[in-house]
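Work through the exercises below with the sequence and the coordinates at hand, and try each task before you read its solution.

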Amino acid sequence: MNYQQIIERIHQEVLLHKNYGEVADYIPELAGIDDDQFGVCLAHVDGKIYRTGDWQTHFSLQSIVKVLLLSLAYARLGGQLWQRVGVEPSGTPFNSLGTLEHDDGIPRNPFSNAGALVVSDVLLDLYQDPKAALLDLIHSFSGDEGIQFDRNVAESEKAEGYRNVALVNFLKSLGNIHNDVDDVLALYFDCCSVAINCEQLAKTFLFFANNGQTIDDHHRLLNRSQTKRINAIMLTCGFYDEAGDFAYQVGLPGKSGVGGGIVAVLPKEFSIAVWSPRLNEKGNSYRGLKFLEQFTTETGQSIF
Ligand code: DON
């Protein structure tokens with residue numbers, strides 16, 4: 001498969017079409033971005049890397065980090081984690097409060113904001129310094145020690161993240177947050193702010209395509225079975241109320257973020273990161289989705 005030629009061609013074709021959607025301006029720091037940027041990187045388990053477009057530009061991970069937070073918690077706690085958060089698709093927007101009261105404060109899955117706040121709370125109990133644990137993971141799996149939190153993005157969200165403030169307090173009132181709500185929010189916002197580019201993101205997520213271990217130094221966070229399970233949660237819950245659509249159109253486990261990034265995984269083959277800041281009404285990158293749909297349709301490289 002000539003991945004370089006394929007990603008360049010599809011990238012060009014997507015660029016020819018009108019760009020749609022809005023940037024996530026509910027986080028003020030994200031509002032001013034050049035919203036026509038569009039980057040792609042595919043990292044293959046054979047060690048080859050393919051890149052095109054604005055793959056070097058940094059953007060914030062946002063909800064993509066929820067997969068790494070979940071992995072850190074699951075690696076330490078195993079199945080006990082599911083007492084605090086479920087693994088069912090919610091069919092609701094990422095920031096919904098809707099089902100929490102009915103579900104006694106147990107979020108439906110770890111990729112909703114509610115679920116990620118509970119996972120952040122769990123991490124505060126499991127790790128002495130969860131932020132450092134996250135950065136260590138990203139540094140070692142991407143092979144790049146330079147990746148950092150973006151203070152401006154984190155502060156911007158801390159100043160206006162009213163939904164998450166409501167969610168964490170609601171969860172606390174229902175007994176599913178054990179730490180101080182401000183500590184949970186600070187951890188969550190900081191983690192969402194990690195600044196990364198497409199290559200660093202594809203490399204970081206390659207272990208999900210390689211049974212839980214890195215391809216070069218065989219560093220392992222999750223065992224094979226745990227990796228299977230997290231890939232399954234990405235497939236069923238990675239795109240909120242668009243998860244079914246993503247499975248239908250793209251057919252890969254994946255995760256999006258309102259920074260405009262999407263990362264997807266084909267087990268035993270590759271991870272692919274795409275980034276373009278304009279989001280559809282469900283909060284997922286418009287061009288990123290277009291690219292991935294065309295890529296898996298033309299190459300047949302999906303799990304189905
Ligand atoms: O909590 C928030 O609203 C953001 N920090 C992350 C949301 C997000 O990325 C949703 N994904 N598409």
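Two exercises follow, one on helix packing and one on backbone angles, and both rest on a predicted model.

**Exercise 1.** Describe how helix α1 (residues 3-16) and helix α11 (residues 286-299) pack, and determine which residues make the contact.

*Solution.* Two packed helices are described by the angle between their axes and the distance between the axes. For α1 and α11 the angle is about 135°, and the axes lie 10 Å apart. Angles of 65 to 115 degrees count as roughly perpendicular and those over 145 as roughly antiparallel, so α1 is oblique to α11. The crossing in which α1 passes α11 is right-handed. On the α1 side, the contact is made by Tyr 3, Ile 6, Ile 7, Arg 9, Ile 10, His 11, Glu 13, Val 14 and Leu 15, while α11 contributes Arg 287, Lys 290, Phe 291, Gln 294, Phe 295, Glu 298 and Thr 299. Sorted by class, this contact of α1 with α11 holds 8 nonpolar, 3 polar and 5 charged residues.

**Exercise 2.** For Asn 211 and Tyr 240, find the loop in which each residue lies, state its phi, and decide whether it is buried or partly exposed.

*Solution.* Most residues other than glycine have a negative phi. Asn 211, found in the loop between α8 (198-204) and α9 (224-237), is not a glycine, and yet it has a positive phi of about 55°. Tyr 240, in the loop between α9 and α10 (243-249), also has a positive phi, near 55°. The last step uses the cut-off for burial, which is under 20% relative accessible area. With 22%, Asn 211 is partly exposed, whereas Tyr 240, with 7%, is buried.

Definitions and conventions. Residues are numbered from 1 along each chain as its sequence is written. This is a predicted model: local features need pLDDT of at least 70, side-chain atom pairs count only at pLDDT 80 or more; totals for chains, interfaces and linings use all residues. Side-chain values use heavy atoms; hydrogens and water are left out. Axes are lines fitted to C-alpha atoms, for helices over the stretch in contact, and angles run from 0 to 180 degrees between N-to-C directions. Helices (H or I, at least four residues) and strands (E, at least two) are DSSP runs, numbered from the N terminus. Angles under 35 degrees count as roughly parallel, over 145 as roughly antiparallel, 65 to 115 as roughly perpendicular and the rest as oblique. A crossing is left-handed if the near helix is turned anticlockwise from the far one by less than a right angle, and right-handed if clockwise. Contact means heavy atoms within 4.5 Å. Ala, Val, Leu, Ile, Met, Phe, Trp, Tyr, Cys and Pro count as nonpolar, Asp, Glu, Lys and Arg as charged, and the others, Gly among them, as polar. Buried means under 20% relative accessible area, exposed over 50%, partly exposed in between (1.4 Å probe, protein chains only).
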